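Biologist: Could you walk me through how to read a model like this one, feature by feature? I would like the general idea each time, and then the case at hand.

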Amino acid sequence: MALNKIVSTFEEAVADVPDGAVIMIGNFAGPGGTPYFLIQALKRQGAKHLTIIANTAGGTGLTLDYEDHKILFENNQVKKVIATFPFSASPSKPTPAEGQILAGEVELELVPQGTLAERIRCGAAGIPAFYTPTGYGTVVAKGKDTRWFNDRPCLLEYALTADYAFVRAYKADKMGNLIYRGTQRQFNPIMAMAAKITIAEVDEIVEVGDLEPECIITPGIFVNRIVKVKEDLGFPRHLERTFWVRRQR
Amino acid sequence: MKERLPREAIAMRAAKELFNGAIVNLGIGIPTLVSSFIPEGIDIVFHTQNGALGFGPVITAEEFEEKADIDLVNASGQYVTPLPGMCFFHHADSFLMIRGGYIDITILGVLQVSEKGDLANWMFPGRGVGNIGGGMDLAFNAKKVIGLTEHVSKNGKPKIVNQCTIPLTAPECVDLIITDLAVIKVAREGLVLKEVAPGWTVEEVQSLTEPRLTIASDLKEIEL
């Protein structure tokens, strides 16, 4: 198969990330759906002045405290973050990004979550901008064009694209077709479609034809590199016995 | 000091607003407790921002070993129970459901709520920072917005105010306010006091509320 996208190490997968790259990172409120090993590899690789687009800025402490993309902030690799949930819920445990944002070392673009998702989706879809009702009359509206549609004021929002997307999926076939497990999916499929180079971190890489075509969520054309996770991080996961897994092949 | 309703009772009262088949999204804080008090015989389809519909309650400590899975969490990152018929989708579709008006009821926490139903709940008080998260899309777009809160802040200041003094989540969005002292409807003519907590008088509730309350003709005691 000419289209083998498997990369054997995470180091190799992120080796070409240049300084100043814009990177989307799949992420929500915990370790599920976060490309943990790609993030660790990017820290070791050391690219700087990055723009990170993700739901959080890492380390929000909502669930388990673990080494998510907060380490890129700790390692001073980030210039700007576009996020919806950049701060920790508990003031006693601020995210590493918080101090850097307040000190003006990292620029923050704070975005409502639905607007962030749609900006990414539109970036993928070739739609440069759109109007949304969310944010009118709040700080989000500052400096934005407002138009009324169907008797509702709406804000102009611009699409987002990236140089790289780091995504976490459950299984990939060798062509890069991806399926996701449970709420792991979140931002991953839309980010996979919105970047020039998409790198997927997966539990398992299977032969072409082993994934049900009807079940594929991210078509392989959006995925450039796939890397298999080799270590168990010890988070609670029941890959062999959850109720939706036993229905898959 | 007179007794106020505990957080669980606020959640219990909020659960009475749910109806059979409702698609419901619960915010962080007191609202997450609502899923434990769904009235008998009512089926609710829970929605979460991170892309799931139709999942079950948050798992208990005893269920942790057996059921906790990082790939099945709600918007607060809590582990939830899998149920037959639940489904998963990506974030853009999840907010399509919110923005598109498919969420019947959202129940959100409150820092301040105004006479007109303006909601402020995202900026951490005193920290100068905050997370907008998914709450703004919910407050703007859900069919019904219910705000749950203690009636006054920790230092005794009213949280139901004439005008919000902290950054808004959404203007004129709240339909119903449920507190540890009262149930208040946001109506065109202003705030209507519908129910008061056992042992509290209308005057006492009014004294802890900035805007003037209209008293509902069918005013009653809060029943759980």
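Biologist: Let's begin with Lys230(A): is it buried or exposed?

Modeller: We count C-beta atoms around a residue, and 12 or fewer within 10 Å makes the residue exposed. Lys230(A) has 9 other C-beta atoms within 10 Å, so it is exposed. Keep in mind that this is a predicted model. Along the chain, Lys230(A) sits in the segment after strand E11 (225–228) of chain A.

Biologist: And how far is the C-alpha atom of Lys230(A) from that of Thr95(A)?

Modeller: The two C-alpha atoms are 28 Å apart, for residues separated by 135 positions along the chain.

Biologist: Which backbone angle should I look at in Asn150(A)?

Modeller: Look at phi. Asn150(A) is not a glycine, yet its phi is positive, about 45 degrees. Asp151(A) also has a positive phi without being a glycine, and there the value is about 65 degrees.

Biologist: Where do Asn150(A) and Asp151(A) lie?

Modeller: Asn150(A) belongs to the loop between strand E6 (146–149) and strand E7 (152–158) of chain A, and Asp151(A) is found in the loop between E6 and E7 of chain A. The same neighbour count applies here: Asn150(A) has 6 other C-beta atoms within 10 Å and is therefore exposed. Asp151(A) counts as exposed because it has 5 C-beta neighbours inside 10 Å.

Biologist: Let me step back to the whole chain. How many helices and strands does chain A have?

Modeller: Chain A has six helices and eleven strands. Its radius of gyration is 18 Å, close to the 18 Å that the globule rule gives for 249 residues, so chain A is as compact as a globular protein of that length. The C-alpha trace spans about 50 × 45 × 35 Å along its principal axes, and 52% of the 249 residues count as buried.

Biologist: What can contacts tell me about sequence separation in chain A?

Modeller: Take the contacts between residues at least 6 apart in sequence, and ask what share joins residues at least 24 apart. In chain A that share is 78%.

Biologist: Now the strands. How do I read their pairing?

Modeller: Ask for direction, then for bridge partners. Strand E1 (residues 22–25) of chain A runs parallel to strand E2 (residues 50–53) of chain A, with three bridges joining them. E1(A) also pairs in the parallel sense with strand E8 (residues 162–173) of chain A, again over three bridges. Ile23(A) shows both pairings: it stands opposite Ile52(A) in E2(A), and its bridge partner in E8(A) is Tyr164(A).

Biologist: Which way does the path from E1(A) to E2(A) turn, and which helix is in the unit?

Modeller: The helix is H2 (residues 36–45) of chain A, and together with E1(A) and E2(A) it makes a right-handed β-α-β unit.

Biologist: What about the side chains along a strand?

Modeller: In a regular strand the side chains alternate between the two faces of the sheet.

Biologist: Which strand gives the most to the largest nonpolar core?

Modeller: That is E8(A), with eight residues. The core has 133 residues, and those touching the most other members include Met24(A), Met191(A) and Leu119(B). Setting aside residues up to four places away in sequence, Met191(A) touches Met24(A), Gly26(A), Ile120(A), Ala165(A) and Val167(A).

Biologist: How many residues does each chain bring to the contact between A and B?

Modeller: Chain A brings 43 residues and chain B brings 39. On the chain B side, H3(B) gives the most, with five residues. That side divides into 21 nonpolar, 13 polar and five charged residues.

Biologist: And what is the strand order of the open sheet in chain B?

Modeller: This sheet has ten strands with mixed pairing, in the order E4-E3-E2-E1-E5-E8-E10-E11-E12-E13. Its edge strands, each paired on one side only, are E4 (87–88) and E13 (213–221) of chain B. E4(B) pairs with strand E3 (residues 52–53) of chain B in the antiparallel sense over two bridges, and Ala52(B) has Phe88(B) as its bridge partner in E4(B).

Biologist: Which strands do the buried residues of H1(B) pack against?

Modeller: They pack against E5 (105–109), E8 (144–149), E10 (176–179) and E11 (182–187) of chain B. The buried residues of helix H1 (residues 7–15) of chain B include Ile10(B), Met12(B) and Arg13(B).

Technical notes
Residues numbered from 1 in each chain as written. Chains lettered and ligands numbered in written order. Predicted model: local features only at pLDDT ≥ 70, side-chain atom pairs only at ≥ 80, totals over all residues. Helix = DSSP H or I, 4+ residues; strand = E, 2+ residues; numbered from the N terminus. Rg over C-alpha atoms; globule rule 2.2 N^0.38 Å. Buried ≥ 20, exposed ≤ 12 C-beta atoms within 10 Å, placed from the backbone. Contact = placed C-beta atoms within 7 Å. Pairing = 2+ DSSP bridges. Right-handed = clockwise from strand over helix to strand, strands pointing away. Nonpolar A, V, L, I, M, F, W, Y, C, P; charged D, E, K, R; others polar. Core = buried A, V, L, I, M, F, W, Y, C linked by C-beta atoms within 7 Å.
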